[in-house]
Amino acid sequence: MSALIEIEQGIESLLMEPPYGMDPQQRQRTLLALLKKELAYACDRNPLFRNYVEQWPMDFRGAEEIANLPYLPVGVFKANPPLALVDGDDIKRTLTSSATTGQMPSRVVLDAATAKRMTKAVTAIFRDFIGPARRPYLVIDTPQNLAAQSQMGARGAAIQGLRSFATEVVSCLGSGAEGDLTLDVEKLLASAAKWKDSDVLVYGFTYVIWTHLVQPLQGQGITLDLPGVRVLHSGGWKRLEQRAVTRDVFVQGVASVFGCAADRVVDYYGMVENVGVIYPDCDQGNKHVPAFAEVIVRDPLSLAPVKAGERGLIQVCSVLPTSFPGFLLLTEDMADVVGYDNCSCGRSGISFRFAGRAPKAELRGCGNLENTRYQRGEGSAVAWAT
């Protein structure tokens, strides 16, 4: 049996588990063994990655904890061509995060197998939080982000991730003459009237929901009568914080315009480099990690894992990708650890709360998906591993 086939079988086995119901010790053992195999595979496929791993203070093969495995700084995915473990002909899509002016975007490459399992993983996570039922789906975005397939931003990718739960899809924003977003109030009110007695799924980027839905509706004194709505949102907190819009203000504003309870508004954390894994808030306001992933929160100075009640840098771990080495990544984001295996929602593992970007870290933008093909990582200008 080839190393890749063995890895793929291990990933599929974890995807078949209840996402938050696996025995914690068994999960740790399974993840550790599989991550070691993926590190060895990545070393064989990419000499730059192998060179980096060989400089790690500890041989990963002897590691007894996930926290001791070699991790990459998330900034290495700003390389162009992107860091890859597959040949250029096998790359079906490149997911690219946008960057603010003068900054390089992050890029991760997806082959068919990686893209398929990432869709399966996101679906399993959402199903655990919102249930399997299909329902009307309101997208706080433009039709362009619904329809685009060959080139898709992070907003489009997130929208697509929820389509399997939809009986019908309606977008309520349009683009003005200069590309500015405008709310189609008549379309929104007609949909709300039609769905008044239904469970409704809503998704939008946090900043877009606030700026192009909540504020216009509040300005016109309009309240939608949709008590059964479930509003999912992600990204865009930095811009709202600059406007002094806190999380509580955002949630109350969204709940007021939809006519729903505040607990129907759910934030989730995710990132391009950790594609396939998202972290929605549970009913206690905490984020959790599915069976096929892990989160380690590290002290910013010592990089040692922190205890419950402490804050640190988020390291994301995932067994999902085999087309790029995104298994173990130290991010530029901060989190507060609430506890371990003790959240009253019943989900096991670490429970944490997103605490914003690390000081002086780049502002992370939204993403773009390109069908551009790149060569494998040997040709990358990646200074970290030379």
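Among contacts in the chain between residues at least 6 apart in sequence, what percentage join residues at least 24 apart? The figure is 72%, where contact means heavy atoms within 4.5 Å. The structure is a predicted model, in which local features need pLDDT of at least 70 and side-chain atom pairs count only at pLDDT 80 or more, while totals for chains, interfaces and linings use all residues. Residues are numbered from 1 along each chain as its sequence is written, and side-chain values use heavy atoms, with hydrogens and water left out.

The chain contains 10 helices and 17 strands; these are DSSP runs numbered from the N terminus, with helices being H or I of at least four residues and strands E of at least two. Of its 386 residues, 53% count as buried. Here, buried means under 20% relative accessible area, exposed means over 50%, and partly exposed lies in between (1.4 Å probe, protein chains only).

A good place to begin the tour is Ser323, in the loop between β14 (311-318) and β15 (328-340). Ser323 counts as buried because its relative accessibility is 0%. Once neighbours within four places in sequence are set aside, Ser323 is in contact with Ala84, Leu85, Val86, Val109, Leu110, Asp111 and Thr114. Its side chain reaches the backbone oxygen of Val109 at 2.6 Å and makes a polar contact of 3.3 Å with the side chain of Thr114. A polar contact is a pair of N or O atoms within 3.5 Å; within protein, one must be able to donate a hydrogen and the other to accept it, and residues adjacent in sequence count only if both atoms are side-chain atoms. Arg45 is 278 residues from Ser323 along the chain, yet their C-alpha atoms are separated by 9.9 Å.

Asn286 offers another buried loop site, between β12 (279-280) and β13 (293-298). Its relative accessibility is 4%, so Asn286 counts as buried. The side chain of Asn286 makes a polar contact with that of Arg353 at 2.7 Å. Beyond neighbours within four places in sequence, the contacts of Asn286 include Pro280, Asp281, Val338, Cys343, Ser351 and Phe352. In strand β6 (residues 166-171), Ser171 is buried too, because its relative accessible area is 4%. Ser171 is in contact with Val139, Asp141, Thr142, Pro143, Leu146 and Lys187, leaving aside neighbours within four places in sequence.

Helix α8 (residues 206-220) has 15 residues, and its end C-alpha atoms are 20 Å apart; this agrees with the expected 21 Å, because each residue is allotted 1.5 Å. The expected span is 1.5 Å times one less than the number of residues. The helix bends by about 30° at Val214, with Pro216 following within four residues; the bend is the angle between axes fitted to the seven residues ending there and the seven starting there. Among the buried residues of α8 are Trp210, His212, Val214 and Leu217. Just after α8, Gly221 takes a positive phi of about 70°.

Turning to open and enclosed space, the second largest pocket has a volume of about 650 Å³. Of its 25 lining residues, Val265, Asp267, Asp281, Cys282 and Gly285 are the closest to its centre. Helix α10 gives the most to this lining, with four residues. The whole structure also holds two cavities of 30 Å³ or more. The second largest cavity contains about 30 Å³ of space and is lined by Leu39, Phe49, Pro70, Tyr71, Leu72, Pro325, Phe327 and Leu328. On a 1 Å grid over the protein atoms alone, a cavity is a set of points where a 1.4 Å probe fits but cannot get out, and a pocket is an open set with protein on both sides within 12 Å along at least five of seven lines; lining residues have an atom within 4 Å of a point. Grid points are joined across faces, edges and corners, and a volume is the space filled by probe spheres set on the points.

Finally, some backbone details deserve a look. Most residues other than glycine have a negative phi, and most peptide bonds are trans. Leu303, in the loop between β13 and β14, has a positive phi of about 65° although it is not a glycine. Asp341, in the loop between β15 and β16, has a positive phi near 60°. A cis peptide bond joins Asn80 and Pro81, with omega about 10°.
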